[in-house]
Amino acid sequence: MNNNYELYKVFYWAAKTGSLTQAARVLYLTQPSVSYAIKQLEDSFGITLFYRNSKGVSLTQEGAILYSYIEQSQILISLAEEKMAALKNLDSGELRIGGSDSLFKHYLLPYLEDFHQQYPGIKLHLNHGTTPEIIAYLKEGRIDLGVVRMPIADSLLEVRESIQLQDCFVAGGRYAELKDAVLSLDMLLQYPVILFSRNSRARMAITELFQSYGYPLKPEIEVGSVDLLIEFARKGLGISYVTREFVAKELEEGSLFEVQLDVELPPTHVGIMIMRNMPLSTAASRFMKLVE
């Protein structure tokens with residue numbers, strides 16, 4: 001038995017108001033249309049649902065049983081409609097973003113602050129990880145979008161380029177003699193090099209660059225965060241490979257300086273990554289527009 005939802009809707013309002021006329025007014029129908037809908041529903045069940053009286057209509061025992069179910073479904077539908085309206089207006093919902101700690105801190109933070117001020121009802125969930133991990137999170141449906149270093153070669157993903165960053169080697173006062181020097185790659189390797197320990201896009205890129213010149217890049221120290229890369233370089237434990245934009249403050253105040261090389265380090269492009277041909281939530285779409 002597949003009765004049209006509209007029949008149940010007419011039944012609900014007729015029972016709730018106790019009047020076919022009132023039900024017609026609520027549903028913007030004519031009274032004959034309401035009467036016909038009730039008759040269709042009664043015929044489909046082979047049961048009388050209403051008693052007609054001088055004041056309107058009242059439920060039969062069978063009609064009261066049906067109403068107890070229809071009332072629950074109508075409440076849930078109303079709540080669902082209210083929820084959809086709230087999601088559309090960004091009064092509620094969530095936004096799940098994946099990215100590295102450094103990209104969250106040095107790139108996304110102003111956008112996240114702006115988004116939160118505009119839509120305080122949206123809960124923000126930030127998932128930290130390397131580029132391979134963020135790709136996996138996106139494919140598993142754990143995040144709505146990811147902020148990653150490019151290039152990304154995956155037919156299932158769409159990446160929209162956002163900003164350009166420049167990686168570099170930096171050192172602290174212990175290596176002050178290098179401030180005015182230009183080092184070759186083999187000269188640089190005479191010093192302790194500090195790299196990010198995880199399988200990040202930046203780590204892979206600099207390793208490949210050294211290999212292209214015939215030099216294996218084996219760091220003296222590996223650390224688990226960009227903040228440690230910066231702090232270890234400041235303390236004089238070695239020369240760290242970091243993103244220049246992430247150490248702008250330290251370079252300006254002089255606690256770190258950039259080590260110049262005789263080869264050019266290629267820039268890094270950062271992109272916003274989403275699943276191809278998959279609809280975005282309203283919150284994710286609005287955040288994408290904000291960043292762009």
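## A first walk through the model

A nonpolar patch of about 300 Å² lies on the surface, made by I75, L76 and L79. One of these residues, L76, sits in helix α4, which covers residues 61-88. L76 counts as exposed because its relative accessibility is 58%, and exposed means over 50%. Please keep in mind that this is a predicted model.

Just before helix α4 comes a residue with quite another setting. T60 is placed in the loop between β2 (56-59) and α4. Is T60 buried or exposed? With a relative accessibility of 3%, T60 counts as buried. Setting aside residues up to four places away in sequence, T60 touches T48, L49, F50 and Y51. With T48 there is also a polar contact: the side chain of T60 reaches the backbone oxygen of T48 at 2.7 Å.

Helix α1 is a good next stop. This helix runs over residues 5-17, so to speak 13 residues in all, and spans 18 Å from its first C-alpha to its last, close to the 18 Å expected at 1.5 Å a residue. Which residues of α1 are buried? They are L7, V10, F11, Y12, A14 and A15. The N-terminal end of α1 is capped by N4, with a side-chain oxygen 2.7 Å from the backbone nitrogen of E6. After α1 comes G18, whose phi is positive, near 70°.

Now to the charged residues. Side chains of opposite charge can pair when their charged atoms come close. How many salt bridges does a search of the whole structure find? The search finds 12. The table shows some of them, with the distance from N to O.

| Basic residue | Acidic residue | N to O distance |
|---|---|---|
| R96 | D144 | 2.9 Å |
| R160 | E158 | 3.0 Å |
| R244 | E258 | 2.9 Å |

R96 and D144 pair in a salt bridge, with their closest N and O atoms 2.9 Å apart. This pair links distant parts of the chain, 48 residues apart: R96 belongs to strand β3 (residues 94-99), while D144 is in the loop between α6 (131-139) and β5 (145-149). D144 counts as buried, because its relative accessibility is 16% and the limit for buried is under 20%.

The salt bridge between R244 and E258 also has an N to O distance of 2.9 Å. It too links distant parts of the chain, 14 residues apart, with R244 in the loop between β11 and α10 and E258 in strand β12 (residues 257-261). R244 is partly exposed, at 33% relative accessibility.

In the pair of E158 and R160, the side chains meet at 3.0 Å, N to O. E158 is partly exposed at 25% relative accessibility, and R160 is partly exposed at 33%. Elsewhere, E231, R234 and K235 are linked in a network of salt bridges.

The last stop is E245, in the loop between β11 (239-243) and α10 (248-253). E245 counts as partly exposed, with a relative accessibility of 36%. Which residues is E245 in contact with, leaving aside its neighbours within four places in sequence? The contacts are Q164, L165 and Q166. For Q166 there is a distance to look up: the side chain of E245 reaches the backbone nitrogen of Q166 at 3.1 Å. By contrast, the C-alpha atoms of E245 and K55 are separated by 77 Å, and these two residues are 190 residues apart along the chain.

Note on methods: Residues numbered from 1 in each chain as written. Predicted model: local features only at pLDDT ≥ 70, side-chain atom pairs only at ≥ 80, totals over all residues. Heavy atoms only, no water. Helix = DSSP H or I, 4+ residues; strand = E, 2+ residues; numbered from the N terminus. Buried < 20%, exposed > 50% of the residue type's maximum accessible area, 1.4 Å probe, protein only. Contact = heavy atoms within 4.5 Å. Polar contact = N/O pair within 3.5 Å; in protein donor to acceptor, adjacent residues only side chain to side chain. Salt bridge = Lys/Arg side-chain N within 4 Å of Asp/Glu carboxyl O. Patch = residues over 30% accessible without salt bridge, like charges linked within 9 Å, V, L, I, M, F, W, Y side chains within 5 Å. Areas by Shrake-Rupley, 256 points an atom, 1.4 Å probe, with all protein chains shown as cover. Expected span 1.5 Å × (residues − 1).
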